Amino acid sequence: MLAVVAGSLAVWSAASPGARPSPLATYRNAFLTFKYPAAWSPSVWQAPRQALHFQPMVCLSTQPTHNPCRTSSAVGGGTSITCGWPVSRLAPGGVVVRWENRGSPGASLASFPGSSTRIGGRGARLSTQAPGGCSGLGADKAISVAIARPMASNWTAFEACLRGPNLADHERQVRTLLNSTLFLAP
């Protein structure tokens, strides 16, 4: 594991002449572990019981976060749960990242956009867009990764929203995080 992290840091340093890498912190839960810039803060929320097709794991951000899920009354009775981002709008130079496990009948990695890659030894599809699904947050760039899981119709979703300035540095930090990811459970 140290060799993977050291290799990632060497690539990051080589790509940023004169730049010093940010100190890194480690996040770990029962499912995965990864390194991230120590200036980013992790936040964890429990999934609402009614949310059947996703399980939020952790969000990281350069700014304060709030619970991303809202419960409201549904038409015809009962309740409706919607979950989004843990920030309403990114500040200049802001980053927000979200990790979730998701499932949907018939879903497969081939149906996701982007280029093929590997994250933590698993097949994945990585897509970078400007601003992509992050436009509502005021972001300039979105990085989305769908990572295969050994269970049919299930995947791990990674999404990062980045706002300038310093987009290139933030993108390198996100890639360092992804390169350091290890899965501990299916």
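Which side chains meet in a salt bridge at 2.7 Å, N to O? In this predicted model, the pair consists of glutamate 100 and arginine 102. Glutamate 100 has a relative accessible area of 8% and is therefore buried. The pair does not stand alone, for Arg98, Glu100, Arg102 and Glu159 are linked in a network of salt bridges. The structure as a whole holds six salt bridges.

Helix α2 supplies two further examples. Within this helix, aspartate 169 and arginine 172 are three residues apart, about one turn, and they form a salt bridge whose closest N and O atoms are 2.5 Å apart. Aspartate 169 has a relative accessibility of 30%, so this residue counts as partly exposed. Glutamate 171 and arginine 175, also both in α2, are four residues apart, again about one turn of the helix. Their closest N and O atoms lie 3.2 Å apart in a salt bridge. Here the two partners fall into separate classes of accessibility: glutamate 171 is buried, with a relative accessible area of 15%, whereas arginine 175, at 34%, counts as partly exposed.

From the charged groups the description passes to the nonpolar interior. In soluble globular proteins, nonpolar side chains tend to be buried together. The largest nonpolar core of this model comprises 26 residues, and the members that touch the most others are Phe34, Trp99, Val145, Phe158, Leu177 and Leu178. Two or more residues come from each of the strands β1 (24-28), β2 (32-37), β4 (54-61), β7 (95-103), β9, β10 (141-148) and β11 (154-162), and likewise from helix α2 (167-180). A separate core of nine residues lies apart from it, with Val87, Leu90, Cys134 and Ala139 among them.

Phenylalanine 34 shows how one residue of the largest core is surrounded. When its neighbours within four places in sequence are set aside, phenylalanine 34 is in contact with Ala25, Thr26, Tyr27, Val58, Leu60, Trp99, Leu177, Ser180 and Thr181.

The cysteines come next. A disulfide is a covalent bond between the sulfur atoms of two cysteines. The model contains one disulfide, formed by cysteine 134 and cysteine 161, with their sulfur atoms 1.9 Å apart. This pair links distant parts of the chain, since cysteine 134 belongs to the loop between β9 and β10 while cysteine 161 is in strand β11, 27 residues apart. The torsion about the S-S bond is about -70°, which means that the disulfide is left-handed. Both ends are enclosed: cysteine 134 counts as buried at 3% relative accessibility, and cysteine 161 counts as buried at 0%.

Why does cysteine 59 not form a bond with cysteine 69? The sulfur of cysteine 69 is the closest cysteine sulfur to that of cysteine 59, but the distance is 8.8 Å and therefore too far for a bond; the cut-off for a disulfide is 2.5 Å. Cysteine 59 is nevertheless buried, with a relative accessible area of 6%.

The final feature is a hairpin. Strand β8 (residues 115-119) and strand β9 (residues 122-129) run antiparallel and are joined by five bridges. Across this pairing, threonine 117 stands opposite alanine 124 in β9. Two residues lie between the strands of the hairpin, in which glycine 120 takes a positive phi near 60°. Strand β9 also takes part in the packing described above, being one of the elements that give two or more residues to the largest core.

Technical notes. Residues are numbered from 1 along each chain as its sequence is written. This is a predicted model: local features need pLDDT of at least 70, side-chain atom pairs count only at pLDDT 80 or more; totals for chains, interfaces and linings use all residues. Side-chain values use heavy atoms; hydrogens and water are left out. Two strands pair if DSSP finds at least two bridges between them. A nonpolar core is a set of buried Ala, Val, Leu, Ile, Met, Phe, Trp, Tyr and Cys residues joined through side-chain atoms within 4.5 Å. Buried means under 20% relative accessible area, exposed over 50%, partly exposed in between (1.4 Å probe, protein chains only). Contact means heavy atoms within 4.5 Å. A salt bridge is a side-chain nitrogen of Lys or Arg within 4 Å of a carboxyl oxygen of Asp or Glu.
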